[in-house]
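Here is a quick tour of one protein model, meant to be read with the structure open beside you. Grab a viewer and follow along.

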Amino acid sequence: MQIKKSQQASLEDKKFTYLLMGFVLVLSICFVALEWTEKEVTKYDVIDEELAFEEELDIQQTSQDVTPPPPPPAPVQEVEILNVVENDVETQTIEITSEETNEEVVIAPPVEEVKEEEEDEQVVFVVVETMPEFPGGTQALFKYLSENVKYPVIAQENGIQGRVICQFTVNKDGSIVDVEVVRSGGDASLDKEAVRVIKSMPKWSPGKQRGKAVRVKYTVPVNFKLQ
């Protein structure tokens, strides 16, 4: 008997279709099986290793604030305590002596000012701002000399005349010192009399330099004439 095949009843043409349907069914079952779970799946994000490494480098490069050390403590000042001794308490007297000679050591004040004063007293001026003056002026000076000069007897007998020039120093107080004959009158008796009269003069008004009294040299002529 010959078997007749029907094109509609043939399964060879639908073989590929059924195969695809089987794959779809299997995949659906697998998908349902995977989703059918009570546990929650934790998803982890992928972290880029390069970014993480950069973040670590940044963290390592940060520096901590260094706290400066505290300042050293201020030095403690020692306060000297002074013991006040009452007036009625007797204190011991200490004498300073030299170890070599056992002599008392005397502490004297500086003598520079004294030296300066001594030097000023020794300086004698010739010309100053205010020259020394005889009481009453120059006319009174010559009048005093004419009235007080005593002509030496020896010079009168020998007819000796002359002019004696004397030089002296007027001190700060106006007194006359250091009288000397600069030019003789030709006879010792005339020179001696001129010196005597000048030494007997009253005090003068002292000379002044910058408002301060100073020692000044002065020259006076004494004339001896016979009448």
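Among contacts in the protein between residues at least 6 apart in sequence, what percentage join residues at least 24 apart? The figure is 72%. Keep in mind that this is a predicted model. With that said, let's go through it topic by topic.

**The overall layout**

- The protein has six helices and five strands.
- Going along the sequence, you'll meet them in the order α-α-α-β-α-α-β-β-α-β-β.
- The chain has 227 residues, and 18% of them count as buried.
- About 20,700 Å² of the protein is exposed, with carbon and sulfur atoms supplying 54% of that area.

**The nonpolar core**

- The largest nonpolar core has 24 residues, and the ones touching the most other members are Phe168, Ile176, Ile198, Met201, Trp204 and Phe224.
- Several elements chip in at least two residues each: helix H4 (138-148), strand S2 (162-170), strand S3, helix H6 (188-199) and strand S5.
- Helix H6 gives the largest share of this core, with five residues.
- Try clicking on Ile198: leaving aside neighbours within four places in sequence, this residue is in contact with Cys166, Phe168, Ile176, Val179 and Val222.

**Arg215 and its partners**

- How many salt bridges does the count come to? There are two.
- One of them pairs Asp178 with Arg215, with the closest N and O atoms 3.6 Å apart.
- That pair links distant parts of the chain, since Asp178 sits in strand S3 and Arg215 in strand S5, 37 residues apart.
- As a rule, side chains of opposite charge can pair when their charged atoms come close.
- Arg215 counts as buried because its relative accessibility is 14%, under the 20% cut-off.
- Arg215 also has a polar contact, side chain to side chain, with Asn171 at 2.9 Å.
- Asn171 itself lies in the loop between strands S2 and S3.
- Is Asn171 buried or exposed? Asn171 is buried, because its relative accessible area is 16%.
- Not counting residues up to four places away in sequence, Asn171 touches Val177, Pro206, Val214 and Arg215.

**A salt bridge inside one helix**

- Glu193 forms a salt bridge with Arg196, and the closest N and O atoms are 2.5 Å apart.
- Both residues lie in helix H6, three residues apart, which is about one turn of the helix.
- Glu193 counts as buried at 11% relative accessibility, whereas Arg196, at 38%, counts as partly exposed.

**Far in sequence, paired in space**

- Thr130 lies in the loop between strand S1 (124-125) and helix H4.
- Thr130 and Gly207 are 77 residues apart in sequence, but their C-alpha atoms are 5.3 Å apart in space.
- Which residues is Thr130 in contact with, leaving aside neighbours within four places in sequence? They are Gly207 and Lys208.
- At 42% relative accessibility, Thr130 counts as partly exposed.
- Ala155, in helix H5 (residues 153-157), is buried, with a relative accessible area of 0%.
- From Ala155 to Ala188 it's 33 residues in sequence and 9.3 Å in space, C-alpha to C-alpha.
- Leaving aside neighbours within four places in sequence, Ala155 is in contact with Ile160, Ser189 and Leu190.

**Two backbone oddities**

- Most residues other than glycine have a negative phi.
- Asp178 has a positive phi, near 55 degrees, and its place is in strand S3 (residues 176-183).
- Arg210 has a positive phi too, near 60 degrees, and is found in the loop between strand S4 (207-209) and strand S5 (212-224).
- Is Arg210 buried or exposed? Arg210 is exposed, because its relative accessible area is 76%, over the 50% cut-off.

**A nonpolar patch on the surface**

- Phe16, Leu19, Leu20 and Phe23 make a nonpolar surface patch of about 430 Å².
- Phe16 is found in helix H1 (residues 15-35).
- With a relative accessible area of 55%, Phe16 is exposed.

Technical notes: Residues are numbered from 1 along each chain as its sequence is written. This is a predicted model: local features need pLDDT of at least 70, side-chain atom pairs count only at pLDDT 80 or more; totals for chains, interfaces and linings use all residues. Side-chain values use heavy atoms; hydrogens and water are left out. Helices (H or I, at least four residues) and strands (E, at least two) are DSSP runs, numbered from the N terminus. Buried means under 20% relative accessible area, exposed over 50%, partly exposed in between (1.4 Å probe, protein chains only). A nonpolar core is a set of buried Ala, Val, Leu, Ile, Met, Phe, Trp, Tyr and Cys residues joined through side-chain atoms within 4.5 Å. Contact means heavy atoms within 4.5 Å. A polar contact is a pair of N or O atoms within 3.5 Å; within protein, one must be able to donate a hydrogen and the other to accept it, and residues adjacent in sequence count only if both atoms are side-chain atoms. Accessible areas come from the Shrake-Rupley method with a 1.4 Å probe; for residues, only the protein chains shown count as cover. Patches are made of residues with over 30% relative accessible area and no salt bridge: like charges are joined within 9 Å, nonpolar side chains (Val, Leu, Ile, Met, Phe, Trp, Tyr) within 5 Å. A salt bridge is a side-chain nitrogen of Lys or Arg within 4 Å of a carboxyl oxygen of Asp or Glu.
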